[in-house]
Amino acid sequence: MSGARGRLQAVLFDMDGVLADSEPFIIAAATAMFAERHGAAVEAEEFLPFVGTGEDRFLGGVAEKRGIGLDLPSDKERTYAIYGELIRGKLAELPGAAAFVRECRERGLKTALATSADRPKMEANLRELGLGEDAFDAVVNGLDVARKKPFPDIYLEAARRLGADPGRCLVVEDALSGVAAAKAAGCACLGITGSFDAAALRGAGADWTAPDLARADRAILG
C-alpha cells in the first residue's frame, strides 16, 4: 500500500466469513426454510456460488436453479428468524477478528463494516460477537446499496462515508464475489481462506491471503 497508491487510509471489513464463522448457520437456516416452506431438500453446496452476494441472491439463486418460486420478503424473514435461533450462544468470532479491527484504529486507520447482509442479520451477528456498531467508523449493510457484490457499490459507499480514497483502502473478504467487488472499487484486497482456498481468492484478484485475521501479515497495514 505504498508508492503510487499512497498510504493506506482505511480498512473495509466484510462480516460473514471474515469477522464471524456465520456461513454454516445461514446455510442451515436457508436449508431449513426451503424444507419448511417449499418441501425442497437443498444441499449445502448449492449455496456456494452465491456466498457473499446478500440474502436476496443467496436464496434467490438457489431457488432459480431449483425452479422454486420464492415469496422473497417472507421467506427471507423466516430464514433470518431461524438463523437468529441457530446462532444464539453459538456464533464464534473468527480468530483475531476483533483485535485486528482494534489494531487498525490504533494505527490511525479508519474502519468500516461493509456487509451484503441485511440489517437484521448484521445486528444479530454483532450482538453475538459482542461488537457494537461503534467498533467501526462507518457501517454499510446490503439494504444501503442497490447493486450487491460483485458490483463495487458497497465498498465505494463505505469509502465515501469514511471520506477515504478507494485506492487507499484495504478490503478484507472471504468470498470470490466480494474480492471482485473490492477490485472493481479500486481497493487492495486481503482474502481470508475460509469459504474458498488461496488459489481461488488470488484468481479472483486478492492481493494477499491469510487463514484468518490473527495470522494476517501486519505489513499490509503500512
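The following exercises, with worked solutions, concern salt bridges in a predicted model.

Residues are numbered from 1 along each chain as its sequence is written. Local features need pLDDT of at least 70, side-chain atom pairs count only at pLDDT 80 or more, totals for chains, interfaces and linings use all residues, and side-chain values use heavy atoms, with hydrogens and water left out.

**Exercise 1.** State how many salt bridges a search of the whole structure finds, and examine the one between Glu-46 and Arg-66.

*Solution.* Step 1: a salt bridge requires a side-chain nitrogen of Lys or Arg within 4 Å of a carboxyl oxygen of Asp or Glu. The search finds 21 of them. Step 2: in the pair Glu-46 and Arg-66, the closest N and O atoms are 2.9 Å apart. Step 3: Glu-46 lies in the loop between helix 1 (23-38) and helix 2 (55-66), and Arg-66 in helix 2, so the pair ties together parts 20 residues apart in sequence. Helices here are DSSP runs of H or I, at least four residues, numbered from the N terminus.

**Exercise 2.** Classify Arg-215 and Asp-212, which form a salt bridge, as buried or exposed.

*Solution.* Step 1: the closest N and O atoms of this pair are 2.7 Å apart. Step 2: buried means under 20% relative accessible area, exposed over 50%, and partly exposed in between (1.4 Å probe, protein chains only). Step 3: Arg-215, at 56%, is exposed, whereas Asp-212, at 5%, is buried.

**Exercise 3.** Identify the network that includes Glu-157 and Arg-161.

*Solution.* Step 1: salt bridges with shared partners join Asp-144, Glu-157, Arg-160 and Arg-161 into one network. Step 2: Arg-161 and Glu-157 both lie in helix 6 (residues 153-162), 4 residues apart, about one turn of the helix.

Terms used. Helices (H or I, at least four residues) and strands (E, at least two) are DSSP runs, numbered from the N terminus.
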